[in-house]
Amino acid sequence: MKRCVRFLVSGKVQGVWYRAGAQEQALAFGITGYARNLPTGQVEILACGDDDPLTKLEAWLWQGPAKATVSEVTRNEVKFRDLPDFRTG
């Protein structure tokens, strides 16, 4: 069953290639959505796909790229959106 999840990632996650890494992972897992920086210093990820790929992406979000330091990942289910790809912005 496809669903969409909004993740908010806190820590040292801006300026460390976090969004690009999340995009790479999402595309590898067949997930659509987006990753964007927020003025709060967090990264927002909207991820739409099947349960198993979303679980794999969430595990990666806790790790992030080498220069990131993730302190928190919150997860909220949101209304499904049929998006064509995964973008960063």
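Visitor: What is the handedness of the disulfide of Cys4 and Cys48?
Guide: In this predicted model, Cys4 and Cys48 form a disulfide with their sulfur atoms 2.0 Å apart, the term standing for a pair of cysteine sulfur atoms within 2.5 Å. Because the torsion about the S-S bond of Cys4 and Cys48 is about 110°, the disulfide is right-handed.

Visitor: How many residues apart in sequence are the parts that Cys4 and Cys48 tie together?
Guide: Helices (H or I, at least four residues) and strands (E, at least two) are DSSP runs, numbered from the N terminus. Cys4 lies in strand β1 and Cys48 in strand β3, so the parts that the pair ties together are apart in sequence by 44 residues.

Visitor: Are Cys4 and Cys48 buried or exposed?
Guide: Buried means under 20% relative accessible area, exposed over 50%, and partly exposed in between, with a 1.4 Å probe and protein chains only. By this criterion, Cys4 and Cys48 are each buried.

Visitor: Which helix or strand supplies the largest share of the largest nonpolar core?
Guide: A nonpolar core is a set of buried Ala, Val, Leu, Ile, Met, Phe, Trp, Tyr and Cys residues joined through side-chain atoms within 4.5 Å. The largest one has 21 residues, of which Phe7, Val9, Tyr18, Ile31, Ile45, Ala47 and Leu61 touch the most other members. At least two residues each come from β1, α1 (18–29), β3 (43–49), α2 (51–63) and β4 (69–78). The largest share, four residues, is that of α2.

Visitor: Which side chain does that of Ser10 join in a polar contact of 2.9 Å?
Guide: Ser10 lies in strand β1 (residues 3–12) and is buried, with a relative accessible area of 13%. A polar contact is a pair of N or O atoms within 3.5 Å; within protein, one must be able to donate a hydrogen and the other to accept it, and residues adjacent in sequence count only if both atoms are side-chain atoms. At 2.9 Å, the partner of the Ser10 side chain is that of Gln42.

Visitor: Which cysteine does Thr32 touch?
Guide: Thr32 is found in strand β2 (residues 32–37) and is buried, with a relative accessible area of 17%. Not counting residues up to four places away in sequence, Thr32 touches Leu46, Ala47, Leu83, Pro84, Asp85 and Phe86, contact meaning heavy atoms within 4.5 Å. The cysteine that Thr32 touches is Cys48.

Visitor: What numbering and pLDDT limits apply?
Guide: Residues are numbered from 1 along each chain as its sequence is written, and side-chain values use heavy atoms, with hydrogens and water left out. Totals for chains, interfaces and linings use all residues of the predicted model, whereas local features need pLDDT of at least 70 and side-chain atom pairs count only at pLDDT 80 or more.
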